[in-house]
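Student: I'm new to this one, so could you walk me through it? Let me look at the sequence and the model first, and then I'll start asking.

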Amino acid sequence: MVVSTMWVASSNRDLNADDAYRLSIGFEQGGIGAGVDYLDRVDRNPIGNGFVPYYGAGVGVGFANGVSVAPRAFVGTDFVLNQNARVFGELGGKVALGSGDVDVSPYYRVGVNFRLN
């Protein structure tokens, strides 16, 4: 089991008051990766000091040791920096499919969301 870590720069686009999708690119396990995720905010208004919790699912493509595709599910939170930028952290699980291997593993990601309005 390999715990996946990814440092990400991403762009969020709101679908409605509670839902959004995110396009991301980043570094993962010595290679690069990209993905698209669907996010459902638990509460759109920042809680306490600016945290916005959410859950979601998506799929990533990695290029560390060949090409792999990884569906994933996660919970996370954004920390609001300003109207168009947020830092986020996520915990979840993924199933990586590539090069004849299947790897089910936990993972976490941290990154910066840039909101497109």
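Student: Is D37 buried or exposed?

Tutor: Before we start, this is a predicted model, where local features need pLDDT of at least 70, side-chain atom pairs count only at pLDDT 80 or more, and totals for chains, interfaces and linings use all residues. Residues are numbered from 1 along each chain as its sequence is written, and side-chain values use heavy atoms, with hydrogens and water left out. Buried means under 20% relative accessible area, exposed means over 50%, and partly exposed is in between (1.4 Å probe, protein chains only). D37 has a relative accessible area of 2%, so the answer is buried.

Student: Which elements make up the protein, read along the sequence?

Tutor: Helices (H or I, at least four residues) and strands (E, at least two) are DSSP runs, numbered from the N terminus. There are zero helices and seven strands here. Along the sequence, that gives the pattern β-β-β-β-β-β-β.

Student: Back to D37, then. Which residue of strand 5 forms a salt bridge with D37?

Tutor: Side chains of opposite charge can pair when their charged atoms come close. The cut-off for a salt bridge is a side-chain nitrogen of Lys or Arg within 4 Å of a carboxyl oxygen of Asp or Glu. Here the closest N and O atoms are 3.0 Å apart. The pair links D37 in strand 3 to a residue 35 away in sequence, and that partner in strand 5 is R72.

Student: And which residue in strand 7 does D37 pair with?

Tutor: D37 also has a salt bridge with the closest N and O atoms 2.9 Å apart. The partner sits in strand 7 (residues 101-115), 72 residues from D37 in sequence. With a relative accessible area of 1%, the partner is buried, and its name is R109.

Student: What is the N to O distance between R22 and E90?

Tutor: R22 is in strand 2 and E90 in strand 6 (residues 85-98), so this pair links distant parts of the chain, 68 residues apart. R22 is buried at a relative accessible area of 0%, and E90 counts as buried at 2%. Their side chains meet in a salt bridge, N to O, at 2.4 Å.

Student: Which residues are linked in a network of salt bridges?

Tutor: By the cut-off above, the count of salt bridges comes to six. One of the residues involved, R72, is buried with a relative accessible area of 10%. The network links R22, D37, R72, E90 and R109.

Student: R22 again! Which ring does R22 lie over?

Tutor: A charge sits over a ring if NZ of Lys or CZ of Arg is within 6 Å of the ring centre and within 35 degrees of the ring normal. R22 is at 4.6 Å from the ring centre, and the face it lies over belongs to F88.

Student: How many aromatic pairs are there?

Tutor: Rings of Phe, Tyr and Trp (its six-membered ring) pair if their centres lie within 6.5 Å; planes under 30 degrees apart count as stacked, over 60 as edge-to-face and the rest as tilted. By this rule, the count comes to two.

Student: What kind of pair do F51 and F79 form?

Tutor: Their ring centres are 5.1 Å apart, with 55° between the planes, which makes the pair tilted. F51 lies in strand 4 (residues 51-62) and F79 in strand 5 (residues 68-82), so the pair ties together parts 28 residues apart in sequence. F51 has a relative accessible area of 39% and F79 one of 30%. To finish on the kind of pair: tilted.

Student: What about Y54 and F74: which kind of pair is that?

Tutor: Y54 is in strand 4 and F74 in strand 5, so the pair ties together parts 20 residues apart in sequence. Both Y54 and F74 are buried. The centres are 6.3 Å apart and the planes are at 85°, so the pair is edge-to-face.

Student: Last one: what share of the residues count as buried?

Tutor: Take the 117 residues of the protein and apply the buried cut-off from earlier. The share that counts as buried is 37%.
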